[in-house]
Structure formats: structure tokens, C-alpha cells
Amino acid sequence: MLDLIDLPAFSPVAANTTVTLNIPVGPTYGKIVLERGGTAFDAEGMTEIRLKFGSTVVRTYRARTGGHELDDVNAFYGRPAVAGSSTIFFAKPELEHLGLEKLLALGTGDLNAVTLEIDIGAATAPTLEAYAEIIGTNEPVGLFEHVYRFPVSSSVAGKVEYPDLPREAYTALHLMKDNAADAGIQSVEVELDRVKRYTATRARGELVQGQRGRSPVTGYYQHVDFIPDGNIYEAMR
């Protein structure tokens with residue numbers, strides 16, 4: 001069965017501070033849910049979320065104007081959401097069957113420390129709690145989905161190249177611009193060893209993604225989904 005447990009308390013929660021949660025090691029986590037409360041504390045108030053194995057940051061999510069990258073990514077995959085909460089998914093419910101979904105769960109059996117750090121910005125009397133879905137125990141990290149950031153800047157319109165992505169297996173690229181009002185990203189090309197693997201305008205990409213059950217977050221993003229059929233073994237690598 002799936003166990004649903006409360007996680008330990010965060011360090012004292014207040015506006016304009018960094019709060020820390022020490023995640024117990026041993027369990028295998030399917031997801032961690034963050035529940036916000038207080039007079040005024042929305043997702044935008046979590047200015048940055050960092051998941052760490054020991055001292056190494058393995059996932060980073062940042063707030064944007066009027067929202068949060070964590071919620072945006074969940075919305076793209078059609079994962080249900082509830083006001084006042086944000087969910088960090090490890091197991092991916094959109095994969096084609098339960099075996100693949102659990103393959104990416106966070107096993108902590110071989111880790112010494114797992115920490116969640118959250119920078120809280122503007123908020124009034126904020127509260128923050130977390131609970132987790134447990135789907136196993138004493139399993140190693142194994143296959144784990146990292147979330148990396150690759151900043152790119154350009155002061156002019158036109159083609160912008162990013163030639164130095166690390167050679168990893170990629171399930172998706174979520175290309176985000178700073179301002180939803182700008183014209184932003186109109187098309188994307190992805191090459192691997194000089195072979196084009198993905199070429200799409202915004203409209204083409206969103207059409208194909210919608211046909212596969214995705215919900216592109218328009219305005220800020222251009223999404224590139226490398227496993228639209230839910231098979232993790234087809235990730236770009």
C-alpha cells in the first residue's frame with residue numbers, strides 16, 4: 001500500500017528567511033507535498049526551492065511573477081493541484097505504466113542526508129508544512145530525475161544558441177522567458193551530435209503536446225517534451 005506520512009517540521013518559518021526540512025532517509029518517496037498557510041503566503045512567496053543530497057543541489061525551482069516553476073511544470077503534465085499546496089513529484093504519474101512511474105521514485109536507502117531548503121520572500125505570518133507519499137523502503141537512489149537550470153541571456157531578437165548542455169538523459173526542456181508580455185521564444189531546435197532531434201514552432205509544439213495529453217503553460221514557456229508517449233527509456237541522451 002501507499003503510506004501517507006507527515007514530515008518533520010521546517011525550521012522556524014518567517015518572511016524573508018530560508019527554512020530547512022531534514023527529510024528522513026530510508027523511505028522511498030513518491031512525492032512530497034508542501035502546504036502553505038498564514039495571512040498572505042502564495043506560491044510566489046517561495047522564491048526558491050532546493051532539494052539537496054548532502055551538500056549537492058539536485059533540484060531547483062524558482063518563483064516567477066504571479067506563479068511558480070514547480071506548479072507550472074506540474075500543470076504541463078496534467079498533475080492535479082489544490083490551492084495552497086505545491087507538490088514535488090518524484091514518481092511520474094504520466095508515464096505509461098506503474099512500473100515506470102515508480103522507477104523514478106526517490107530512494108534514500110543509500111543516502112546520508114536529504115534536505116529541502118526554501119527561501120521565503122514577501123509573506124504575512126506564513127506557515128509551511130510538508131507530508132509525503134511513501135512507496136517503499138531501503139531502496140537506493142537509482143534512476144533519479146534531476147532538475148537543472150541553464151541560464152541564457154540575449155539583448156537582441158533572433159536565434160540564440162546554447163551549445164554546452166551536459167551529456168545527460170533529458171526527459172524535457174522547459175524554456176522560460178522573464179516576461180510573459182514579451183514576444184519570447186517562437187521556435188526551438190535541438191541537435192544531438194549534429195542531428196536535429198526536435199524542430200518546432202511554438203504553435204506546432206503545443207499542438208503535438210496537447211495531442212499527447214500535455215497542457216502547455218502559455219505566455220512564459222516553450223516546452224520540449226522528449227517522452228510524450230510516457231516511455232522513460234526514450235529520453236534524449
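S86 sits in strand 7, which covers residues 85-89, in what is a predicted model. Is S86 buried or exposed? Its relative accessibility is 1%, so S86 counts as buried, the cut-off being under 20%. Its side chain also has a polar partner: a contact of 2.9 Å links S86 to the side chain of R36. Beyond its close sequence neighbours (those within four places), S86 touches I32, V33, L34, R36, A43, M46, L70 and D71.

One of those contacts, L34, leads us to the largest nonpolar core. That core has 31 residues, and L34, L116 and I118 have the most contacts inside it. Strands 2, 3, 4, 5, 9 and 10 each bring at least two residues to this core. Leaving out neighbours within four places in sequence, I118 is in contact with F10, T17, T18, V19, L34, M46, E48, I49 and L128. Apart from this core there is another, with 10 residues, including Y170, A200, V224 and M236.

Now for two strand pairings, side by side:

| Strands | Direction | Bridges | One bridge pair | Residues between strands | Positive phi |
|---|---|---|---|---|---|
| strand 4 and strand 5 | antiparallel | six | R50 and T60 | two | G54, near 60 degrees |
| strand 5 and strand 6 | antiparallel | two | A63 and H68 | two | G66, near 80 degrees |

Strand 5 pairs with strand 4 through six bridges and with strand 6, residues 67-68, through two. Each pairing is also a hairpin: G54 takes its positive phi in the hairpin of strands 4 and 5, and G66 does so in the hairpin of strands 5 and 6.

Notes: Residues are numbered from 1 along each chain as its sequence is written. This is a predicted model: local features need pLDDT of at least 70, side-chain atom pairs count only at pLDDT 80 or more; totals for chains, interfaces and linings use all residues. Side-chain values use heavy atoms; hydrogens and water are left out. Helices (H or I, at least four residues) and strands (E, at least two) are DSSP runs, numbered from the N terminus. Buried means under 20% relative accessible area, exposed over 50%, partly exposed in between (1.4 Å probe, protein chains only). A polar contact is a pair of N or O atoms within 3.5 Å; within protein, one must be able to donate a hydrogen and the other to accept it, and residues adjacent in sequence count only if both atoms are side-chain atoms. Contact means heavy atoms within 4.5 Å. A nonpolar core is a set of buried Ala, Val, Leu, Ile, Met, Phe, Trp, Tyr and Cys residues joined through side-chain atoms within 4.5 Å. Two strands pair if DSSP finds at least two bridges between them.
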